[in-house]
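Visitor: Please walk me through this one a piece at a time.
Guide: Happy to; here it is.

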Amino acid sequence: MQNDPHTTLITADAPVAAETHGGRTKCLQRLVRLELPVPRTVGLSFVAVHKIARGEMPDMAFLLSPFEAGELLCVRPSSEDPDWGGPSAILNIGMNDARFVDLAERLGKEAAASLYARFVHSYAVLVARLDPDVFDVIGMEGQASLSEALRAYEEETDEPFPQDPAVQLAEVLRSMARAWEGTSARLLRQAKGAPADAGLGLVVQSMALGFGAGECGSGVIQLVDGQTGLEQLTGRYLSQSQGRDALDGGSEALFLERDPRGPSLEDLAPQAFEDLIAYATLMRTKLREEMQVEFVIEDGRVHLLDGVRVARNSRAAVRIAVRLAEDGIITRQEALMRIPPSALNELLHKQVDRTRARDVAGRGVAASPGAATGRIVFSAAEAQACAARDEACILVRRETSPEDIRGMHAAKAVLTERGGMTSHAAVIGRGIGLPCVVGASEMRFQIRKKLLTGRDGRVFKEGDVITLDGTHGEILVGEVSLLEATLDDAFKTLLSWADLERDIGIRANADTPADARTAKNFLAQGIGLCRTEHMFFEDDRLTVMREMIFAENSEDRRAALERLLPVQRADFTELFMTMAGLPVCIRLLDPPLHEFLPSDHAGHRGLAEALDLPLSEVTRRVEAMGEYNPMLGMRGVRLGIAVPEIYDMQVRAIFEASINAAKSGAPIVPEIMIPLVSAKREVELVKMRIDVVAAAVRAETGADFDYKLGVMVETPRAALRAQDIAETAVFLSFGTNDLTQMTYGLSRDDAGRFMSEYVKQGVFAEDPFHTLDVDGVGELLILGARRGRAARPDLVLSMCGEHGGNPESIAFCRAAGFDYVSCSPFRVPVARLAAAQLAIFDKLG
């Protein structure tokens, strides 16, 4: 068959490729090259199938020339990626009245009639597009079913069932080609990630019937479990001789029988069984992949119909890749490249079992991966009460604030009406590994009435059970099946290989000792951002913080802060000791002070009681501290300059904690980071006070220590004036959450309301709070990096915004010469793998 390049007999050297003929065609050629028993096969290319869909049929005589006269055929789809699917395979093409007579003599009339009836059924439904209900009622077994099926076909079409094999095959090809080109098929494969114009190949193959005097049947076999990745022979075999399922997948034994009283394939056809194991093992070695083998046994002889990559979940994919590398079949680098970094989320968190039915009540932004089931609560206090009763709960808020942190820690997941990928709930959720869905604006949140209304009108009240899928952004009704997190030896091995390849540092954003322990467990190379404000929201600390805010003068503020110093020092000491000598970068207080004050009447009354002040005075002071635009108000370094006692207390706690940690054998040089800087003079003013405190601590303790001072670049001006700022700072860490917000003039908490529409209409290619804007924000990073290093060549550069865990952002930072990225603790494994893949890609490229 050399005259038509698009209709090709599959031989060892036939000109076929997955990109032109599809993955199934290419795999069959590989099996032919391995000299495995593959039935004769002809491949039709994407071009040929596209022509068929347009009505341009191939030369049927030419197509059929490799096959013997009267031979039954099957047609199977061959898309470029098996996950993209394709039309259903059609078997027994060529079955007609004459072939029925021949097979009846050999197999018996009932068996031959069943073959014929099955073909009539599939042809009628899939090719002629007749009503399937008509043929489902008829059945597909025996001569009675065959007669009824042929009669029904003629009744429905006003013509007898086609008898010419060439006509049958042509109609099958036309039907499958048109089905692939149809609108429904296009939408379906686009949903699976395929391009709308993806091509389809078709394979026409001799039928191995699986009927004969000896053992006959069909089935599939694979050497691993697709759910666990463990070495485990599984499969399914239908014995036509026995007329029943003889085998089903098992665990320890090779093919445990569905019916324990019946024999296994090993008993029925020991040589065929042995051959199958040998073929599957050879395919694993030569094709460098775990394969599922589809086979037919005919008179005890094995025929291989297909070999496809074993379907697997993420946890199995990791174990399979590691075992292939350990067996020397693939390299460690290839094992690393086979695992998408995002797939690790399924190993780090519980996940919804998406093979089971789900009742979706609403959708939002998938802000923090994982899944959890619990009762709905509408306040942080109620979440804490549930935790005290050991009841799982889902915290539902319009949006979260720092006051909700204790409730978030108590809850199993968080759902908010507002917010995007860098909202408070999203950032904290990712930091503590809490599943979180934000921006669920299609649902109605009635917090005061304690009601949540789904998109279809169903109402959920406090105490109702829901499941939150933070990986896919879904709110599900009731309790659903969850898959457990799996951090096994294969996971650890894969990441150890990643660390040998990557060439950029990976730190974690950790605000508490518990966060630091998580970061250490995931082998983060230090802490790149410790947000100290999160240390002040425990009940005992929050009251003292509020006393400090209400203080009338510097002396009173210092007195209140003296009470916070011991707890802050203890936190920092534990942080330093947990990281055991690794770098720890501590950001001084950033949020405006009003965030520490209650916002409702009940909170004002409680604060008045705690401070022994009139309620009216408390209300007046709280209202007076409000700002029209607090994100651009008195926060960050502005707060440190206007109320310097706060930073004085914090740096003293840092220095004293570093001395305490050094006594316990965990010496550390703390990194102190100033937030929201816009000008060099701000850094100079803060540095002068830090140096004064450092000198005082040295004098009081007699201990010597050092520290590094740096700046969190969050304003466009800081990036543009990095050359000036770097004269005082030894490191610059780009906080891309605020930098994106200020560059775009977008509120990161409110942008979720319209961001999907912007992306849909092409205003932005992606949500800039989710994927780093390399053209705008990225240019500021590059300018800041270049200008900073022009003033200080050894300037340490990093990214500590939420973008730091994205593979795209890591690629950008590597290209820009950054020293490390920092991300939420649970994103550290993802970042480690992504960084390794980028380094490998550069080496191979």
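**Loops, sheets and helices**

Visitor: Between which strands is the loop that holds Lys450?
Guide: Lys450 is a loop residue. Strands (E, at least two residues) and helices (H or I, at least four) are DSSP runs numbered from the N terminus. On that numbering, the loop with Lys450 lies between strand 18 (444-446) and strand 19 (451-453).

Visitor: Before we go on, what are the ground rules?
Guide: This is a predicted model, with local features needing pLDDT of at least 70 and side-chain atom pairs pLDDT 80 or more, while totals for chains, interfaces and linings use all residues. Residues are numbered from 1 along each chain as its sequence is written, and side-chain values use heavy atoms, leaving out hydrogens and water.

Visitor: What is the phi of Lys450, then?
Guide: Most residues other than glycine have a negative phi. Lys450 is not a glycine, yet its phi is positive, near 60°.

Visitor: Is Lys450 buried or exposed?
Guide: Buried means under 20% relative accessible area, exposed means over 50%, and partly exposed is in between (1.4 Å probe, protein chains only). Lys450 comes in at 39%, so it counts as partly exposed.

Visitor: In what order do the strands of the 5-strand sheet come?
Guide: Two strands pair if DSSP finds at least two bridges between them. Here the pairing is antiparallel and the sheet is open, in the order 1-2-5-3-4.

Visitor: Which are the edge strands?
Guide: An edge strand here pairs on one side only. The twist averages 25° from one strand to the next (angles run from 0 to 180 degrees between N-to-C directions of axes fitted to C-alpha atoms, for helices over the stretch in contact). The edges are strand 1 (7-9) and strand 4 (90-93).

Visitor: What is the bridge partner of Val75 in strand 4?
Guide: Strand 3 (residues 73-79) pairs with strand 4 in the antiparallel sense over 2 bridges. The strand 4 partner of Val75 is Ile90.

Visitor: What is the relative accessible area of Asn92?
Guide: Asn92 belongs to strand 4. Its phi is positive, about 65°, although it is not a glycine. Asn92 is buried, because its relative accessible area is 6%.

Visitor: At about what angle does helix 9 run to strand 3?
Guide: Helix 3 (residues 46-53) lies across strand 2 (41-44), strand 3 and strand 5 (200-206), at about 95° to strand 5. Helix 9 (residues 165-181) lies across strand 2, strand 3, strand 4 and strand 5, and its angle to strand 3 is about 20°.

Visitor: On to strand 9: what stands opposite Ser218 there?
Guide: Strand 9 (residues 291-298) has 6 of its 8 residues buried, so it is largely enclosed by the rest of the structure. Strand 6 (residues 217-224) pairs with strand 9 over 6 bridges, antiparallel. Opposite Ser218 in strand 9 stands Val296.

Visitor: And which residue is the partner of Ser218 in strand 7?
Guide: Strand 6 and strand 7 (residues 231-239) run antiparallel, joined by 7 bridges. They form a hairpin with 6 residues between them, where Gly229 has a positive phi of about 80°. In strand 7, Ser218 bridges to Leu238.

Visitor: Which residue in the hairpin of strand 9 and strand 10 takes a positive phi?
Guide: Strand 9 and strand 10 (residues 301-309) are antiparallel, with 8 bridges joining them. Glu294 stands opposite Asp306 in strand 10. The hairpin has 2 residues between its strands, and the positive phi, near 55°, is that of Asp299.

Visitor: How far does helix 26 reach from its first C-alpha to its last?
Guide: Helix 26 (residues 644-663) has 17 of its 20 residues buried, so it is largely enclosed by the rest of the structure. The expected span of a helix is 1.5 Å times one less than its number of residues. For helix 26 that gives 28 Å, close to the reach in the model, 29 Å.

Visitor: How far from Asp767 is the nearest side chain of opposite charge?
Guide: Asp767 lies in the loop between helix 31 (755-760) and helix 32 (777-791), and at 18% relative accessibility it counts as buried. A salt bridge needs a side-chain nitrogen of Lys or Arg within 4 Å of a carboxyl oxygen of Asp or Glu. Lys and Arg count as positive, Asp and Glu as negative, with His and the chain ends not counted. Asp767 has no salt bridge, and the nearest side chain of opposite charge, Arg430, is away by 9.5 Å.

Terms used:
Contact = heavy atoms within 4.5 Å.
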